[in-house]
Amino acid sequence: MTTNRQKLVGSSVRRKEDGPLLRGQGRFAADINFPDQLHMRVVRSAQAHGRIRSVDLTPALAIPGVHAAWAFADVAELPPIGFRLTRLEQLSAYRQTILAKDRVRYVGDPVAVVFANDPYLAEDATEHVIVDVEEMSPILHADQAPGEFASNLSTEAAVIRKGYGDIDAAFRDAHRIISLSLAIGRHSGVPMETRGAIGHYDSATDMLKMYGAAKVPHWNRAQIAKMLGRDPAGIHCYEGHVGGGFGIRGELYPEDVLVCLAALRFARPVKWIEDRREHLIAANHSRQQTHHIRAAVDREGRILAVDDEFYHDQGGYMRTHAATVPDLAAAMLPGPYRIPAYRAVGHIRLTNKTPCGTYRAPGRYESTFVRERLMDAIAAETGIDMVEVRRRNLIDKSEMPVTRNLETLGTDIVLDSGDYVKLLDKALDKSGWTELQDELAGRRLAGELVGAGVAMFVEKSGLGPFDDVRITIGTDGFVEVVTGAASVGQGVETVVAQICADALGVDYERISVIHGQTDRIERGMGAFASRVTVMTGEATRLAAIKLRGKVLSTAAELMQTSVDQLDLIGGEIVQTGNGVGPSIGLTEIAGALAPGSRFLGDREPGLFAEASFESHHMTYPYGVHVAVVSIAPDTGAIDIERYLVAYDVGKAVNPMLIEGQIVGGVAQGIGGALYEDFTYDDRGEPLSVTFADYLMPTAREVPHVDVIISEDAPSPLNPMGLKGAGEGGTNAVGAVIAAAVDDALGKPGAITQLPILPQRIRAILKENAWSKPRSGSVGFL
Amino acid sequence: MSEKSDITLNINGRDHHIRVESRRTLVDAIREECGQSGTHIGCEHGVCGACTVLVAGEPVRSCLMFAQQAEGKAIRTVEGLAQGDEMHPMQRAFMDHHGLQCGFCTPGFLMLAVGVLEREPEISDENLIDVLSSNLCRCTGYQNIIKAVRSAAAEMRRS
């Protein structure tokens, strides 16, 4: 018997998801309706910081068609929303209640809700809720002195400390110390579908249902149950189509709990669909940090130690991610380099801005920018070429696996596999790096502002601790894979079906994949941290192997032969070896095991198998970005002329989807590097509240991206060698664009802040005009 | 709030007799009163283009138009692209070139591209990118959308 014959894993099969989405048959949150539903609209704080004196709901309640309205007093019995990841006990006091209790803490903070028969009417009615707030001065900068969150509670909620080795000795003995101060702006995932939630209570069965769930439906179910004081068995969450995730969507927000509570209290369906302005001020922001980093290096540019202190701007409350983003920033900052001594101190500070959570490559977009700026500075100050300085510090393949003496997300960081030098070479070769330098030097001599940069990084993926899968073959021969994963549009159904088709031996077209339905599987971890292909993928493979065994042993009995004479190919059980005879189909096997069949006897009815995959370490993909930019001297506009990503994912299940993830990730990275920023005026009024202010890249700004999908370093942590592919496109974009812009300006270290706005470029060009003109030399110095 | 009036919207060749307030946006009427939920709402301020439909052959942001303004005009939405099981070349091209991930912006891109190519089949690559830059996608990075539209344009010219 041949086993594990791979056919689909590794090939770019078309997606299972596409048909309904292309035909306009998707079921997104706003597409879900129930008879007699109420529409919820949130009254949001117009002040960044203030004491709530009173909330008067009566004028709104007097409007015909308005069913109810609530302020904090109406929901006071519910606890604040809990932490899903990276829980620190001292952060608990900073959690968000579902309506603001006695203070408002950001513009957009939910203060009251109105329920009406019609969404237009609900929106009208919110304008009649009178919120009286005594305005207080807002805290808007996490890197200035902390203030008071509440009495005896500082806005510095916690300080994260990570590190190893003798930092002080390293800096004492250093040949050179290089220091930088760097800042990353406020960005977010901004999926094209805004948030939405529909609560539906079925009093006949005492079942509460929440539609519009995403990302982590099982966790949300448990948390909603806890907050409402209900048995989790009496709640289910349902994920429909999800219009983009990127870290931000699917976390439990106040509005999700409010629709559930309202559906219970009114025994009517309650629908809430966010508008875009709300989304931009109320859904999680991310990334805003200021870093002060220094490196101790020896005479050859080798790093002896890195010491980083940073300030994380958390916004108004601690949300479900708790300390996740700053924790990841601190833990992942060392990247692909050998760093003998390391210290990171991260200050988590509350401010009067939108609360923060994760955004694609959370903590790494930030710390890769910081680390790679540091590498560029080491190159500039030591006079060593920027590629060479990286090469000298890269961890060698022979050192793998590398235990970092750092932990994050409840796991020790052990770089499981990698050949960083080889990937760097691949990227440089493909970009024609050497010739590129000559070409750019020529263009600069001709007066153009052009430059190139390289940035490297290590990602993380495949966070456990478990995933379960159940595969069932129906009497119609169709295969159903039930997972505890979630889909935010990344192609989960396709990838899981590919793995199942190969391991089980059935047609891809006959497989359907279920995700995000808490009533179909007892537990599930959902979709985050580039985990699904690794965790759910391996659980699928294990369940498929089990089921294949069951199919073959049943077939052997039915065909009166031995298992080793049989194989399952394309959904048919065929005789192999010397055995010649008729094949039988899965319908017959499933029929033989169906309840009531004569064959069944004492056997367990049903043709299914279940498996779990457990993993207590993450897998670590790694990558290289290369960019070439040119700058328009008159406007300061930056044009990305060329872009390349090389990414090692261990084993590519579907290269087309991985390339899609990478290119899409690059586009989001470019947004953060050049255009996107949530800014506030000095009263804390948000200035990025429409798509005309929060500028996301369009087809004009995103260049063609060359992608190298590399499989040099399969993960030893799962048999297929998988590593996740969701975040490598985003990770190093800010870092590499900054390097290329520096190079184009002929001014190492010029870029210290993201996004790099034209105003900043114009200012640098003016400074340059006063200093001596650039020489024609190549590279950094 | 305000008076409702009776209007008829013709969507994909079918008349929908509906009763709406004068402030009702076209996209809300298409989705809610006419039940055609394939057209999506992304921003409600005319920037993202997720709600793009064809009104009298022109791509229109249906969040910026009132339902009443579309009365008497032929409206085409994503639901009208396929002929039964047979997908429109644009839909097939999006599938072949992996031009969608979450699929939320997709109906808007499909209608934008179909509308422009029907009007201007020989559109240059440069102008095509300009046209496509009027809609936002947050998943794909646009490269596969551009490939898909170019490929469908070639096929639409042939047929």
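**Burial and local architecture in chains A and B**

In chain B, buried residues make up 56% of the 159 residues, a residue being buried if 20 or more other C-beta atoms, placed from the backbone, lie within 10 Å of its own. The model is predicted, with local features requiring pLDDT of at least 70 and side-chain atom pairs counted only at pLDDT 80 or more, whereas totals for chains, interfaces and linings use all residues. Residues are numbered from 1 along each chain as its sequence is written, and chains are lettered from A and ligands numbered from 1 in the order in which they are written.

Chain B has a radius of gyration of 16 Å, in agreement with the value near 15 Å for a compact globule with 159 residues; the radius is taken over C-alpha atoms, and the globule rule is 2.2 Å times the number of residues to the power 0.38. Chain B contains five helices and five strands, where helices (H or I, at least four residues) and strands (E, at least two) are DSSP runs numbered from the N terminus.

In chain A, helix H11 (residues 420-431) has 12 residues and an expected span of 16 Å, which agrees with the 17 Å between its end C-alpha atoms; the expected span is 1.5 Å times one less than the number of residues. Its buried residues are A:Tyr420, A:Leu423, A:Leu424, A:Ala427 and A:Ser431. Viewed down the axis of H11(A), these fall within an arc of 105 degrees, so they line one face of the helix; the arc is that of the directions from the helix axis to the C-beta atoms. Just after H11(A), A:Gly432 adopts a positive phi of about 60 degrees.

Methods
A residue is buried if 20 or more other C-beta atoms lie within 10 Å of its own, exposed if 12 or fewer, and partly exposed in between; C-beta atoms are placed from the backbone.
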